[in-house]
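User: I am new to reading protein structures, and I would like to understand the reasons behind the words that are used to describe one. Could we go through this one together, step by step?

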Amino acid sequence: MAARFPLDSIDRTILSALQSEGRITNVDLARQAGLTAPPCLRRVRALEQAGVIESYHARLNAPALGYGIMVFALVSLKSQAEDELRAFEEHVAALPEVRECHMLNGEIDFILKIVAHDLQAFQSFLTSKLTPAPNVASVKTSLTIRTSKDDPGIPVDAD
């Protein structure tokens, strides 16, 4: 586990604002943080260099791009040997339809978040790319009906 980076209230304001709106200008960010632009930019750069800010990206509208369904897949492997786990992770890392992959503790080894254009495309993905993957014992899937919360990032705690 990485060491926790010490944050003051200004850093937390900056992080919260950037997480909400990654394209905010430095001038507007500085205004929200109660700073002038140069020290605000120095703080942002320090947070980036420390690895607190990992990246910036655009959040895309999946249906607007033709991805009409989202599925969660619970994957059990035949073996949990480290090389087998790593091989599975490398396999799914190369599949663009898999948007998230998390190793779990318990009966299920991995949960995957998968997007597809439609059910036929998902079925094809499932049978040609996921279930035949090395070391896969079983895959259980659940199609998302509705998403009631989808907050990116993490809470920026007061302390």
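**Reasons behind the words**

Analyst: A good place to begin is a single pair of residues: the bridge partner of Val 71 is Leu 143, which lies in S4. Please keep in mind throughout that this is a predicted model.

User: What makes S1 and S4 a pair of strands?

Analyst: Two strands count as paired if at least two bridges are found between them. Strand S1, residues 69–77, and S4 are joined in the antiparallel sense over seven bridges, so the requirement of at least two is met.

User: Which strand does S1 pair with over seven bridges, apart from that one?

Analyst: S1 and S3 also pair in the antiparallel sense, over seven bridges, and within S3 it is Ala 116 that stands opposite Ile 69.

User: Why are S2 and S4 said to stand at the edges of the sheet?

Analyst: The four strands form an open sheet in the order S2-S3-S1-S4, with antiparallel pairing. Strand S2 (98–103) and strand S4 (136–143) each have a single partner strand, so one side of each is left without a neighbour in the sheet. From one strand to the next, the twist averages 20°. Helix H4, residues 82–93, packs on this sheet and touches S1, S2, strand S3 (110–116) and S4, while the direction of H4 makes about 15° with that of S3.

User: What connects S2 and S3?

Analyst: S2 and S3 form a hairpin with six residues between them, and Gly 106 in the turn has a positive phi of about 125°. The two strands pair in the antiparallel sense over five bridges, and in one of the pairings Glu 100 of S2 has Lys 113 in S3 as its bridge partner.

User: How do you know that S3 is largely enclosed by the rest of the structure?

Analyst: A residue is called buried when its relative accessible area is under 20%. Six of the seven residues of S3 are buried, so S3 is largely enclosed by the rest of the structure.

User: Is Glu 97 buried or exposed, and how do you know?

Analyst: Glu 97 has a relative accessible area of 19%, and because the cut-off for buried is under 20%, Glu 97 counts as buried. Glu 97 lies in the loop between H4 and S2, and, leaving aside neighbours within four places in sequence, Glu 97 is in contact with Lys 113, Ile 114, Val 115, Phe 125 and Lys 129.

User: What makes the phi of Asn 135 worth pointing out?

Analyst: Most residues other than glycine have a negative phi. Phi of Asn 135 is near 75°, a positive value in a residue other than glycine. Asn 135 is found in the loop between helix H5 (119–130) and S4, and with a relative accessible area of 12% Asn 135 is buried, because that value is under 20%.

User: Why are H2 and H3 called roughly perpendicular?

Analyst: The axes of helix H2, residues 26–33, and helix H3, residues 37–49, come within 9 Å and cross at roughly 95°. Angles from 65 to 115 degrees count as roughly perpendicular, and so H2 is roughly perpendicular to H3. In this contact, Asn 26, Leu 29 and Ala 30 of H2 meet Ala 37, Cys 40, Leu 41 and Val 44 of H3, and the residues divide into six nonpolar, one polar and no charged.

User: How do you know what to call the arrangement of H1 and H3?

Analyst: H1 and H3 pack at an angle of about 80°, with their axes 11 Å apart, and because that angle falls within 65 to 115 degrees, the two helices are roughly perpendicular to each other. The contact is made by Ile 10, Asp 11, Ile 14, Leu 15 and Leu 18 of H1 together with Cys 40, Arg 43, Val 44 and Leu 47 of H3; these residues divide into seven nonpolar, no polar and two charged.

User: Why is Val 44 called buried, and which residues does Val 44 touch?

Analyst: Val 44, which is in helix H3, has a relative accessible area of 6%, and because this is under 20%, Val 44 is buried. Not counting residues up to four places away in sequence, Val 44 touches Ile 14, Leu 18, Leu 29, Ile 53 and Tyr 56.

Note on methods
Residues are numbered from 1 along each chain as its sequence is written. This is a predicted model: local features need pLDDT of at least 70, side-chain atom pairs count only at pLDDT 80 or more; totals for chains, interfaces and linings use all residues. Side-chain values use heavy atoms; hydrogens and water are left out. Axes are lines fitted to C-alpha atoms, for helices over the stretch in contact, and angles run from 0 to 180 degrees between N-to-C directions. Angles under 35 degrees count as roughly parallel, over 145 as roughly antiparallel, 65 to 115 as roughly perpendicular and the rest as oblique. Contact means heavy atoms within 4.5 Å. Ala, Val, Leu, Ile, Met, Phe, Trp, Tyr, Cys and Pro count as nonpolar, Asp, Glu, Lys and Arg as charged, and the others, Gly among them, as polar. Buried means under 20% relative accessible area, exposed over 50%, partly exposed in between (1.4 Å probe, protein chains only).
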